[in-house]
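User: I'd like to go through this model with you and hear the reasoning behind the labels. Shall we start once it is on screen?

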Amino acid sequence: MTTVTDHDTLRDALGLLKDREQVAERLLESSAKHSFDPDTELDWEAPVEEGKWFWPPELVSLYDTPLWHKMSEDQRMDLARHEAASLASLGIWFEIILMQLLVRHIYDKPVTSNHVRYALTEIADECRHSIMFGKMIEKGGAPNYPVPRLYHNLARVLKTVSTTPGSFAATLLGEEILDWMQRLTFPDERVQTLVRGVTRIHVVEEARHVRYAREELRRQMVSAPLWERELTRVSCGEAARVFSTCFVNPKVYENVGLDRRQAIAQVKASGHRAEVMQNGARRLTDFLDDIGVLQGVGRKLWKSSGLLV
């Protein structure tokens, strides 16, 4: 539930909202201290490490399924390598969408404001992240895994019709679940050093992006008209459904010698996989619930995505 207290102060269920310019100023200060150039920060010339994973096994979609138990260790590690490439491909797709939404958000805002300066700083971060993910895919030797054409084109519609709160809700969806997984990945010594470095950079810089998006979404859910809040609830729910569908490209199973239909069926039936996805989304869904996004049709769509219990 959200309320407006007066012309100058905004409050929602989480309390008073901070001044937009002050939030952006702190984020700019943090960006100046804790930003990375992946080209120089990471050793792209180092060879792939034998016996190390490209993604933690517990986060691989088939983990602990009957099919997983029949697979050799080499095949499991190969699946992890392909799923890492699939997730990186999905991340690039999301970040390209996010950059366009951020540009739209600041188009009519004062160009000298901290809020706009930080948005431009975040866009620069996302450019580096997309390049970094692409280089990681190439280094791993797996193919790029684009999302299905239907969803690729559906995103064109989203970018055209999305309102500001819908844009920031979609931003958080694309950032927070992957962030949860990456926080488990970068300290994991079983994982390739390069992948750990990539996820560490992304986690540090995405923390600022999440803060920016959360603060702005809270502000929008308080101040936007009713129709826009309702549209945000539905569009966010549909984005969750698409995101969960595209999270792992089914071609990864074929590319490691598995039966695609059998693999998909076992992933859908996997209690472990459902728990992983719901745990990854929980911090986000708790936040969205608190600020009034998970209501009505939108909540039903979130449940159908499998990301909300």
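User: Why is V203 called buried?

Analyst: Happy to help, and please keep in mind that this is a predicted model. V203 has a relative accessible area of 5%. Buried means under 20%, so V203, at 5%, earns the label. This residue sits in helix α8 (residues 193-223).

User: Which residues does V203 touch, leaving out those up to four places away in sequence?

Analyst: V203 touches D179, Q182, R183 and F186. They count as contacts because heavy atoms lie within 4.5 Å. As for F287, 84 residues apart from V203 along the chain, the two C-alpha atoms are separated by 19 Å.

User: What makes the crossing of α1 and α5 left-handed?

Analyst: The axes of α1 (residues 20-33) and α5 (residues 114-140) come within 8 Å and cross at roughly 40°. A left-handed crossing has the near helix turned anticlockwise from the far one by less than a right angle, and α1 passes α5 in that left-handed sense. On the α1 side the contact includes R20, E21 and L28, and on the α5 side Y118 and T121 are among the residues. The contact residues divide into 4 nonpolar, 4 polar and 4 charged.

User: Which residues touch the most other members of the largest nonpolar core?

Analyst: Those are L62, F247 and W302, in a core of 88 residues. Helix α4 (residues 73-106) gives the largest share, 17 residues. Beyond its sequence neighbours up to four places away, W302 touches residues including L173, A240, L284 and L308.

Definitions and conventions. Residues numbered from 1 in each chain as written. Predicted model: local features only at pLDDT ≥ 70, side-chain atom pairs only at ≥ 80, totals over all residues. Heavy atoms only, no water. Axes fitted to C-alpha atoms, helices over the stretch in contact; angles between N-to-C directions. Helix = DSSP H or I, 4+ residues; strand = E, 2+ residues; numbered from the N terminus. Nonpolar A, V, L, I, M, F, W, Y, C, P; charged D, E, K, R; others polar. Buried < 20%, exposed > 50% of the residue type's maximum accessible area, 1.4 Å probe, protein only. Core = buried A, V, L, I, M, F, W, Y, C linked by side-chain atoms within 4.5 Å.
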